[in-house]
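Biologist: Could you walk me through this model? I'd like to start from the inside and work outwards.

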Amino acid sequence: MKTIKNVFILTILTALFISGGTINAQSNGASIDYNVISRSDIGPRPAGFQPENASPVNGTYTESVATVSSRVLNEKTAMLKKVCAQPIGKKGFSAWEFLCDEGGHTYAQSAPNPLSYMVGGISSSLLTRVEQAIKMLSLDVVSAKVEAKVFFRFNDPFTPKWTGFTDKLIANILIDSNEPAEKIAEVKRMAVQAWAIGECITNPTPVDAQFALNTRIWETESARLGKVAGPDSYDNGMKITSKGNQPEPESFELGIDVSMAEFTNPFIFEVVSISESANDVQRPYLHKIKIRAIQENYLAWDIYADDSRECEGIDKAPTSSDYFTAGTSLCLMSQLTGWSEFYNHQGIEFDDYRVEHQFNYQVDNYMTPSATGHVDGVTTRILIKSNASEKVMSDFASQALRTCFAGEAVTNATTTEISVSKNGKLLK
């Protein structure tokens with residue numbers, strides 16, 4: 001009889017990361033060719049909760065982002081999935097659909113992985129706060145960018161104690177300017193204080209996590225056959241996704257690619273992101289983001305984020321908060337896929353599953369020097385369709401939550417190191 005460890009190794013390395021597993025859910029319709037990122041006519045429609053925009057007090061900016069994620073059935077990779085994300089009740093914010101894939105031991109990913117989306121949202125959201133601080137202080141700045149690196153860890157892989165952690169966030173603000181050092185330091189203070197996503201990571205955030213088993217949603221919804229058409233996505237004539245070159249951060253060294261075929265205990269890897277202004281006059285908070293998970297067969301990607309809230313015209317890309325929220329949902333979907341393959345080797349099948357989220361981002365005293373960002377709450381729903389017992393389905397959902405890196409970053413305090421440099425010189 002195989003040990004639990006052997007079953008996990010077979011599951012992860014063969015079914016998950018090498019051959020892609022099997023398609024064991026009923027497909028709803030013909031195969032679809034998806035763009036990596038595309039604007040959606042229909043926003044996320046969660047079945048496990050009713051989306052509600054947080055009620056702000058005077059001077060508070062709110063951005064409550066809802067997501068719905070589901071599988072995309074593909075014989076080459078069991079990890080293909082999609083998510084729809086959109087801020088609730090905000091004019092000028094489109095719904096966007098992201099495709100997501102992992103890299104395998106023998107194949108390259110067809111779309112960014114969950115944690116790349118998440119870390120891209122981290123760096124871009126901090127850059128938005130930096131740019132807003134520069135505007136409020138009326139500083140003369142040539143350029144500003146944010147480089148971020150996040151360390152993730154699996155403890156006790158291939159055992160019943162398997163757990164995922166987010167160990168550290170390093171975020172470095174790089175500013176090219178002749179302004180006095182004390183003013184550049186003030187930019188950092190204001191930006192970090194107003195940074196809701198940073199507060200969410202640094203401090204524990206309350207999460208309402210529930211499971212919904214065999215609900216009526218499955219009468220009309222199911223996973224679809226599909227594939228990613230290619231790395232390049234266009235919207236209104238603008239290329240918003242493409243394969244990129246290896247990120248070249250100035251403020252830290254890149255680690256060495258780790259291999260999913262050589263799990264260690266602990267298994268540690270990093271994801272990096274560099275966000276810079278796209279220099280768009282109409283959309284001043286439009287950013288170009290370079291992202292990559294430093295892992296074998298994980299590609300570098302160029303994507304865009306648009307946080308230009310008070311500007312006229314249509315948004316050109318998802319918001320930074322869209323990326324962070326969507327990355328969290330997609331990370332949980334990846335864990336559900338891994339655990340479903342484990343159960344499948346024991347003869348237990350899950351016909352389908354999906355993840356739904358709402359993150360309530362707020363900035364008190366918005367666009368003032370005392371602006372303070374925070375995330376007041378997170379709603380998490382895991383919906384499962386299966387003939388398994390309620391206990392088995394609940395155990396399945398709980399195990400996925402326990403191994404989800406992004407979820408752990410939200411629910412627990414994460415070590416965060418933030419620096420600012422002026423013209424290449426680190427400021428104390």
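**Inside the fold**

Biologist: Which residues have the most contacts inside the largest nonpolar core?

Modeller: The model is predicted, so local features need pLDDT of at least 70 and side-chain atom pairs 80 or more, while totals for chains, interfaces and linings use all residues. Numbering runs from 1 along each chain as its sequence is written, and side-chain values use heavy atoms, without hydrogens or water. A nonpolar core is a set of buried (under 20% relative accessible area, 1.4 Å probe, protein chains only) Ala, Val, Leu, Ile, Met, Phe, Trp, Tyr and Cys residues joined through side-chain atoms within 4.5 Å. This one has 70 residues, and those with the most contacts inside it are L115, I122, V130 and F324.

Biologist: Which helix gives the most to this core?

Modeller: Helices here are DSSP runs of H or I, at least four residues, and strands are E runs of at least two, numbered from the N terminus. With 9 residues in the core, the top giver is the helix at residues 114-137, α2.

Biologist: Where does A47 lie?

Modeller: Contact means heavy atoms within 4.5 Å; beyond four places in sequence, A47 is in contact with I217, R354, E356 and L383. The C-alpha atoms of A47 and E356 are separated by 8.1 Å, though the two are 309 residues apart along the chain. As for its place, A47 lies in the loop between β2 (37-40) and β3 (61-73).

Biologist: Why does A47 count as partly exposed?

Modeller: Partly exposed sits between buried and exposed, the latter being over 50%. A47 counts as partly exposed because its relative accessibility is 43%.
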